[in-house]
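Hi everyone, thanks for making time for this. I'd like to walk you through one part of a model, so let's bring it up on the screen.

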Amino acid sequence: MIISTDCPYGRLGSDPLSENYSSGVQHLDEQTLRYYNRNAAAIAAKYSALKGGITGLLQVAFAPGMRVLDVGAGSGRDLDLLLQNGCDAYGVDPSEQMRAAALDRYPSLQGRITTGSLPQL
């Protein structure tokens, strides 16, 4: 889920592969978190290979300079695209291994992705 206080649309999209997305709030139970940690490399590769969907909307919905928080940043793909588009973007994800996979694939995320999830933010 991508949130911007600068965006007239407010919240844009959700993680299309998330198994626990419900009513705009993504909350990972321990079993799901273990799954993401155990399979982070494969999941990150799969997400990064996806084209279309929200990736096409990022340039339209978020203008350069906008402050954006990517909740459930996962593979880092969308966060990296937001940075490439000139947004002041940061991300949170509860999975340590997903964050590590994101940093491996997108070094530009160093210092921009950290631990966090809804509803605890």
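A word on naming before we start: helices here are DSSP runs of H or I with at least four residues, numbered from the N terminus. Please keep in mind that what you see is a predicted model.

With that in hand, look just past the end of helix 4, where G86 has a positive phi of about 90°.

Now step back into the helix itself. How many of the residues of helix 4 are buried? Helix 4 covers residues 77-84, and six of its eight residues are buried, so we can call this helix mostly covered, with buried meaning under 20% relative accessible area. Those buried residues are R77, D78, L79, D80, L82 and L83.

You'll have spotted some charged names in that list. R77 and D78 are both buried, and their side chains meet in a salt bridge, with N to O at 2.9 Å.

What does helix 4 connect? Let's follow the chain. Strand 5, residues 67-71, and strand 6 run parallel and are joined by five bridges. If you want a place to rest your eyes, find L69, which stands opposite Y90 in strand 6. The chain goes from strand 5 through helix 4 to strand 6, making a right-handed β-α-β crossover.

Keep going and there is another crossover to look at. Strand 6 also pairs with strand 7, again in the parallel sense, over two bridges. Here G91 is the residue to find, as it stands opposite I113 in strand 7. The path from strand 6 to strand 7 runs through helix 5, and this β-α-β crossover is right-handed too.

Let me finish with a contact in that second region. Which residue forms a salt bridge with D88? The partner is R112, and the closest N and O atoms are 3.2 Å apart. This pair ties together distant parts of the chain, 24 residues apart: D88 belongs to strand 6, residues 88-92, while R112 lies in the loop between helix 5 (96-105) and strand 7 (113-114).

Are these two buried or partly exposed? R112 has a relative accessible area of 22%, so it counts as partly exposed. D88, at 30% relative accessibility, is partly exposed as well. Set that beside R77 and D78, which are both buried.

That makes two salt bridges in the count. Thanks for listening, and I'm happy to go back to any of these views.

Note on methods
Residues are numbered from 1 along each chain as its sequence is written. This is a predicted model: local features need pLDDT of at least 70, side-chain atom pairs count only at pLDDT 80 or more; totals for chains, interfaces and linings use all residues. Side-chain values use heavy atoms; hydrogens and water are left out. A salt bridge is a side-chain nitrogen of Lys or Arg within 4 Å of a carboxyl oxygen of Asp or Glu. Buried means under 20% relative accessible area, exposed over 50%, partly exposed in between (1.4 Å probe, protein chains only). Two strands pair if DSSP finds at least two bridges between them. A crossover is right-handed if, with the strands pointing away from the viewer, the path from the first strand over the helix to the second runs clockwise.
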